[in-house]
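The following exercises concern the reading of an interface, a nonpolar core and backbone geometry. Each task is followed by a worked solution.

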There are 2 protein chains.
Amino acid sequence: MTLSPLSLEARSQADDPSSLVMRFGADEPLMMDAGIALAPWQIAYQTYGTLNADKSNAVLICHALTGDQHVANDNPVTGKPGWWRTMVGPGRPVDTNRFFVICANVIGGCMGTTGPASTDPATGQPYALNFPVVTIRDMVRAQGALIDRLGIESLFCVIGGSMGGMQVLQWAASYPHRVFAALPIAAAARHSAQNIAFHEVGRQAVMADPDWRGGRYLLEGTRPSKGLAVARMGAHITYLSEMALHRKFGRNFQDRSAPTFSFDADFQIESYLRYQGISFVERFDANSYLYVTRAMDYFDLAAEHGGSLARAFQGSGTRFCVISFTSDWLFPTSDSRAIVHALNAAAASVAFVEVESDKGHDAFLLDEPEMFAAAYGFIDAAARARGIP
Amino acid sequence: MTLSPLSLEARSQADDPSSLVMRFGADEPLMMDAGIALAPWQIAYQTYGTLNADKSNAVLICHALTGDQHVANDNPVTGKPGWWRTMVGPGRPVDTNRFFVICANVIGGCMGTTGPASTDPATGQPYALNFPVVTIRDMVRAQGALIDRLGIESLFCVIGGSMGGMQVLQWAASYPHRVFAALPIAAAARHSAQNIAFHEVGRQAVMADPDWRGGRYLLEGTRPSKGLAVARMGAHITYLSEMALHRKFGRNFQDRSAPTFSFDADFQIESYLRYQGISFVERFDANSYLYVTRAMDYFDLAAEHGGSLARAFQGSGTRFCVISFTSDWLFPTSDSRAIVHALNAAAASVAFVEVESDKGHDAFLLDEPEMFAAAYGFIDAAARARGIP
């Protein structure tokens, strides 16, 4: 499916018609870490399953950098299946026959929640870089306001991978009494120097595109597609393991058995990356990419608690299950171990599973039976402990 | 030191006045793997020390992707010390009091050797993308022609790191009787899918810059500086280890103790990377970057020998010393081990040293006493075996 620049613009500024939208007026600002009171604002979300009578069976799914609220339904933009249909659905670890599942587009995103492509009421034009810089805590605050509106006092479980896992940790730290169980996958309590570096290269690629126009491309009718595609290509490499790239592509030539001695996409890996770049720009807003990567870079949960990650979880009654993957070099197991050690130091309840996989960071989105088994076991036990039939 | 676009252009098209230049006329074409006979052509080089009477003490240093011939003298463009002064010089492992050291700019480069910025005699304009795609074997052929002209039958030793190490391997495979000793460092016998992927992102960043002008920027008076800077930033991350980045920068803020909630270079790592990008474009030609990365991507020594790396070295009388670094994830130790296994299978003489270092791929350029000790020991023993006093 190909979207014209206009359709993305229209979609970004209007509501995503296929999602539910919760609106917050001028008297209900989102208080952001940057010191800005954002108002009005809105959050687009999907739900699956039914909230039970005592509202004890709500599960919040937090999406990753380029994910969205369409976790278990076909994506209205790409036409592809929801991004975590393997994890969420009838009979899945997050069983929609048993739980009421909520997934919301993050603040700063581009799928219906207020972000840099939304209209700034002060000017009547897209916010662009006038949108306040977003943090993971802001994302969680926005989700908290949504959960309030839905009348849910306490979430049964908060689950997410990668940036979604950061939100899980932030939920547990910010609202310990509102999270019964927490499942951060392939996550970290702070973004590493290497990860900040990769994000910065991606942002510079976007900003180097003259069609970015200092962020004002929607107003000027351009799109920094080339820069955003380069950013996505670079990022995509970090989501896969060297082993997975070798297995999938090796040094295989594209449609040929010999080199062409040119700068065409000679190798299959080149063609694959170019496709990843091109298809991404059809579905994602460039400024949102800047804002959401920045939010991940700023994330440092210990820094919010005087440098002690354990203090972030002190006295927590939440039960945790932390999952990592052996070949994930973006959020390596050592990052998950740091979380587990902090939870232990805080005397929290925590299980830890390192899944043997050669698929790299993206493993959390893929068919990983050991991950599903661990998630199912943890969620089922927690549900029984909470009396969810 | 800042160079204007004009000065880079002038330098690329003229000779580097600070280097020796060997010229090859219309009757002495360089026969390239792409099937092109390049003529006329020239190769810019530096020498250090004195060639002995029986011409047995010549050492060839092969430079890496963005290196040049200025291995042990101050670089005339940047004003900085030579890139391997720690390895090459009086009393260094490659002792210029003992050996006659040659280092040449690669074919396709931009420091005086013929490359895409050189004038195409057919048009009187810069070659740009009309320059034939270059391979590592082409680089070695060009060096071979230089060595012939210098009247050197057999090199005492060929040494290089990274892409330089690829050339070392190619020398040993292409001219086994002309290489007494070979020292490939942080190298591989073929470029991996992940490495091709990183290079492709860099090339796409250059080509996405509208000032690249389909490669014709010199003619049109532009410079794809932004794209090339993004390419360099991304590549630079791969030269360092996660540990080195963490130790050097961590999550330290730039000149401040708190985030600015902006897209400025808030973290020190961002400021450092931006500097790497900006300073690189002052000294390197964008099209050369495309050509030289492509040469690395195409490198697959086993493929040249029916898929058997051992066959590349069959019957070799060369003595090898292979060095890798524990934290090098771009050319990991497993790549070096594959070389060693092939050399063993070919019954070649080989020593292998894996240096414990947390500095990543760039360790070969840095102060690594264990590397110097291994190189000194290997070179000294080989020199004594060859009767070099």
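The exercises below refer to a predicted model.

**Exercise 1. The interface**

Determine how many residues of chain B are in contact with chain A, and which three residues of chain B supply the most buried area.

*Solution.*
Step 1. Contacts are counted on each side: 54 residues of chain B touch 54 residues of chain A.
Step 2. The two chains bury about 4,600 Å² between them, and 71% of this lies on carbon and sulfur atoms.
Step 3. Arg251(B), Phe261(B) and Phe263(B) together account for 19% of the area that chain B buries against chain A, more than any other three residues.

**Exercise 2. Polar features and contributing elements**

Find how many salt bridges cross the interface of chain B and chain A, and identify which helix of chain B gives the most residues to the side that touches chain A.

*Solution.*
Step 1. The rule finds 8 salt bridges across the interface of chain B and chain A. One of them pairs the side chains of Arg251(B) and Asp300(A), at 3.2 Å from N to O.
Step 2. Between chain B and chain A, 25 residue pairs are in polar contact.
Step 3. Elements of chain B that give two or more residues to this side include helix 6 (225-239) and helix 8 (268-281). Helix 4 of chain B gives the most, with 12 residues.
Step 4. Sorted by class, the side of chain B that touches chain A holds 29 nonpolar, 11 polar and 14 charged residues.

**Exercise 3. The nonpolar core**

State which residues touch the most other members of the largest nonpolar core.

*Solution.*
Step 1. This core has 203 residues, among which Phe313(A) and Phe313(B) touch the most other members.
Step 2. Beyond its neighbours within four places in sequence, Phe313(A) is in contact with residues including Leu169(A), Leu301(A), Phe320(A) and Leu343(A).
Step 3. In soluble globular proteins, nonpolar side chains tend to be buried together.

**Exercise 4. Backbone exceptions**

Locate the cis peptide bond of chain A, and decide whether Ala128(B) is buried or exposed.

*Solution.*
Step 1. Most residues other than glycine have a negative phi, and most peptide bonds are trans.
Step 2. Ala39(A) and Pro40(A) are joined by a cis peptide bond with omega of about -15°. Pro40(A) sits in the loop between strand 3 (37-38) and strand 4 (41-48) of chain A.
Step 3. Ala128(B), although not a glycine, has a positive phi of about 50°. Its loop runs between strand 10 (125-126) and helix 2 (136-149) of chain B.
Step 4. Ala128(B) has a relative accessible area of 7% and is therefore buried, the cut-off being under 20%.

Terms used: Residues numbered from 1 in each chain as written. Chains lettered and ligands numbered in written order. Predicted model: local features only at pLDDT ≥ 70, side-chain atom pairs only at ≥ 80, totals over all residues. Heavy atoms only, no water. Contact = heavy atoms within 4.5 Å. Buried area = accessible area lost by both parts, 1.4 Å probe. Salt bridge = Lys/Arg side-chain N within 4 Å of Asp/Glu carboxyl O. Polar contact = N/O pair within 3.5 Å; in protein donor to acceptor, adjacent residues only side chain to side chain. Helix = DSSP H or I, 4+ residues; strand = E, 2+ residues; numbered from the N terminus. Nonpolar A, V, L, I, M, F, W, Y, C, P; charged D, E, K, R; others polar. Core = buried A, V, L, I, M, F, W, Y, C linked by side-chain atoms within 4.5 Å. Buried < 20%, exposed > 50% of the residue type's maximum accessible area, 1.4 Å probe, protein only.
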